[in-house]
Amino acid sequence: MKFLDQCKIYLKSGDGGAGAASFRREKFIEFGGPDGGDGGKGGDIVLLAVENLNTLIDYRYRQHFRAEQGRGGAGRNRTGGGGADLVLAVPVGTQVLDEDNETVLADLTAPDQRIVFLRGGDGGFGNMHYKSSTNRAPRRAGPGWPGREAWVWLRLKLIADVGLVGLPNAGKSTLLAAASQARPKIADYPFTTLRPQLGVVRLGDEEFVLADLPGLIEGASEGAGLGIRFLGHVERCSVILHLVDGTEADVAQAYHLVREELMAYGHGLARKPEIVGLNKIDALDPAAVEAKCRALTEAAGAAARVLPLSGATGAGLRQVLGAALSAVAAARERAAEAEALVDAQ
């Protein structure tokens with residue numbers, strides 16, 4: 001299945017049905033009076049977040065969606081049937097933006113979250129509603145109210161616990177393949193990963209979701225390379241696992257380049273908990289590994305945790321994943337405390 005994280009679609013809720021102008025006609029009943037029923041309500045446009053989706057590809061080849069119209073009223077005070085709601089299934093983490101592609105109108109962040117995005121039009125009144133002491137036989141009936149319509153953007157920001165970031169060829173896809181059952185494309189040239197890849201990492205009885213994101217280059221926050229398109233996925237991650245290629249001549253410079261892009265992008269990325277991994281230690285001698293770990297510690301700050309590993313051989317992999325799991329557990333605990341505080345208020 002192809003990955004698609006952004007698309008533009010047209011939505012229209014159903015028009016309400018027209019009311020009926022009808023009069024009671026029965027034998028031996030004179031002046032039966034009006035008995036026109038109301039029109040039915042138009043169908044709503046409903047967005048539903050489902051857990052088993054991770055792409056918007058369903059909206060790539062069909063962009064127009066209309067809910068069913070309400071049916072018209074009838075005599076004998078019969079109300080028209082309501083139009084069926086149109087339920088659009090979207091992945092968890094989908095945002096709905098206005099046509100300007102900037103204003104967020106809705107954000108579906110939880111499984112089974114349901115939002116009535118466009119309400120259907122109400123049905124028109126039948127002539128029964130217009131009967132009065134001075135107008136005993138009204139011939140007026142109301143038309144149904146029109147539904148609402150809008151062009152909107154759907155933007156998916158994958159919800160993962162840990163996001164893998166780094167320069168191209170830092171070994172992110174190799175690490176994802178070694179840590180989970182995911183099988184991303186792995187090659188020895190830059191930008192092998194063209195779209196985010198998700199994998200579930202299991203350590204004992206615990207598990208977390210790891211996302212491999214396309215490599216960042218200088219200027220990614222301004223649109224260079226593939227970074228600007230996929231940096232939004234990092235917003236949903238609780239922890240950042242920053243991989244640095246140990247074979248780089250200046251690992252500190254490689255670290256700073258990616259951090260500067262995260263800070264330039266904003267949205268709190270630079271404030272997220274970070275674990276720094278010195279990758280490809282299988283290609284280095286122990287003295288070089290120790291020296292480059294010291295250089296990364298100085299670049300990231302004393303509070304940062306720098307761990308050596310090799311995605312290819314698995315050396316140090318369990319320690320890195322354990323540190324990531326601990327950081328994820330701490331982030332979940334903070335989120336639970338914040339939610340409890342909000343509920344208490």
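Here is a short conversation about the predicted protein model shown above.

Mentor: Before we start, residues are numbered from 1 along each chain as its sequence is written. As the model is predicted, local features need pLDDT of at least 70 and side-chain atom pairs count only at pLDDT 80 or more, while totals for chains, interfaces and linings use all residues, and side-chain values use heavy atoms, leaving out hydrogens and water.

Trainee: How many helices and strands does the protein chain have?

Mentor: Helices are DSSP runs of H or I with at least four residues, and strands are runs of E with at least two, numbered from the N terminus. By that reckoning, the protein chain has 5 helices and 14 strands.

Trainee: Is the protein chain a compact globule or more spread out?

Mentor: Let's compare two values: the globule rule (2.2 Å times the number of residues to the power 0.38) gives 20 Å for 345 residues. The radius of gyration, taken over C-alpha atoms, is 29 Å, well over that value, so the protein chain is more spread out.

Trainee: Is V328 buried or exposed?

Mentor: V328 sits in helix α5, residues 317-344. Buried means under 20% relative accessible area, exposed over 50%, and partly exposed in between, with a 1.4 Å probe and protein chains only. V328 has 1% relative accessibility, so V328 is buried.

Trainee: Which residues is V328 in contact with, leaving aside its neighbours within four places in sequence?

Mentor: Contact means heavy atoms within 4.5 Å. With those sequence neighbours set aside, the partners of V328 are D161, V162, F208 and V239.
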